[in-house]
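Here are my notes on the model, point by point. Have the structure open while you read.

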Amino acid sequence: CSECAYGLRYLAPNHTEDPHKEKWSVRQFSVYQKFSSVSGTEVWIFVGAPKEIESRIDHYIRRCSLAEVENPFAMHLILIETALARWRWYLVDLTERVQTQVIVFCVWTNELC
């Protein structure tokens with residue numbers, strides 16, 4: 001019998017054009033899994049999972065058939081991949097915002113940056 005529990009943080013866009021509001025929200029969800037190799041049963045519990053995760057899980061479950069048992073931990077890769085997907089775009093946005101602030105600072109102080 002194997003079991004694990006963890007929390008994943010992910011980013012969600014706020015879909016705002018207001019420059020005074022944050023473009024991104026850091027959110028989180030929890031995962032619990034228990035797998036029994038003896039009986040071949042699994043228990044999954046998700047707390048606060050976003051719709052994107054739900055749809056990927058549904059797709060994964062539909063793809064799997066009862067005849068072909070996949071690795072009981074394969075779904076963890078899907079969860080982690082989905083949680084990590086937007087971090088790249090967040091970092092790109094953050095870099096652009098910092099670069100803009102540097103330019104504003106240089107203009108304000110009359111410095112060459």
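1. A word on naming before anything else: helices (H or I, at least four residues) and strands (E, at least two) are DSSP runs, numbered from the N terminus. This is a predicted model, so to speak of local features I need pLDDT of at least 70, side-chain atom pairs count only at pLDDT 80 or more, and totals for chains, interfaces and linings use all residues. Residues are numbered from 1 along each chain as its sequence is written, and side-chain values use heavy atoms, with hydrogens and water left out.

2. Start with the sheet. It is an open one of three strands in the order β1-β2-β3, with antiparallel pairing. The edge strands are β1 and β3, each of which pairs on one side only. From one strand to the next the twist averages 20 degrees. By pairing I mean that DSSP finds at least two bridges between two strands.

3. Now the β1/β2 side. These two strands pair in the antiparallel sense over 12 bridges. If you want to check the register, tyrosine 6 has valine 31 in β2 as its bridge partner, and serine 2 has phenylalanine 35 in β2.

4. On the other side, β2 (residues 24-36) and β3 (residues 41-47) are antiparallel over seven bridges. Here tyrosine 32 is bridged to isoleucine 45 in β3, and serine 30 to valine 47 in β3. The two strands form a hairpin with four residues between them, and glycine 40 in the turn has a positive phi of about 75 degrees.

5. Stay with glycine 40 for a moment. It sits in the loop between β2 and β3 and is exposed, at 51% relative accessible area. My classes are buried for under 20% relative accessible area, exposed for over 50%, and partly exposed in between (1.4 Å probe, protein chains only). Glycine 40 and cysteine 1 are 39 residues apart in sequence, yet their C-alpha atoms are 9.5 Å apart in space.

6. Serine 36 is worth a click too. It belongs to strand β2 and is buried, with a relative accessible area of 17%. Leaving aside neighbours within four places in sequence, serine 36 is in contact (heavy atoms within 4.5 Å) with Cys1 and Thr41. From serine 36 to cysteine 106 the C-alpha distance is 61 Å, with their positions 70 residues apart in sequence.

7. What does α2 pack on? The helix packs on the sheet, touching β1, β2 and β3, and its direction makes about 25 degrees with that of β1. For such angles, axes are lines fitted to C-alpha atoms, for helices over the stretch in contact, and the angles run from 0 to 180 degrees between N-to-C directions. The buried residues of α2 (residues 74-84) are Ala74, Met75, His76, Ile78, Leu79, Thr82 and Ala83. They pack against β1 (2-13), β2, β3, α1 (51-63) and α3 (87-109).

8. Threonine 82 is found in helix α2. At 7% relative accessibility, it counts as buried. Not counting residues up to four places away in sequence, threonine 82 touches Glu52, Ile53 and Arg56.

9. Two loop residues deserve a look. Histidine 15 lies in the loop between β1 and β2 and has a phi near 50 degrees, a positive value in a residue other than glycine. Most residues other than glycine have a negative phi. Histidine 15 counts as exposed, at 73% relative accessibility. Alanine 85, in the loop between α2 and α3, is partly exposed with a relative accessible area of 41%. The C-alpha atoms of alanine 85 and leucine 11 are separated by 8.5 Å, and the two residues are 74 apart along the chain.

10. Last, the second largest pocket. A pocket, on a 1 Å grid over the protein atoms alone, is an open set of points where a 1.4 Å probe fits, with protein on both sides within 12 Å along at least five of seven lines; lining residues have an atom within 4 Å of a point. This one holds about 200 Å³ of space, where grid points are joined across faces, edges and corners and the volume is the space filled by probe spheres set on the points. Its lining is Pro19, Lys21, Glu22, Lys23, Asp93, Glu96, Arg97, Thr100 and Gln101. By class that gives one nonpolar, two polar and six charged residues, with Ala, Val, Leu, Ile, Met, Phe, Trp, Tyr, Cys and Pro as nonpolar, Asp, Glu, Lys and Arg as charged, and the others, Gly among them, as polar.
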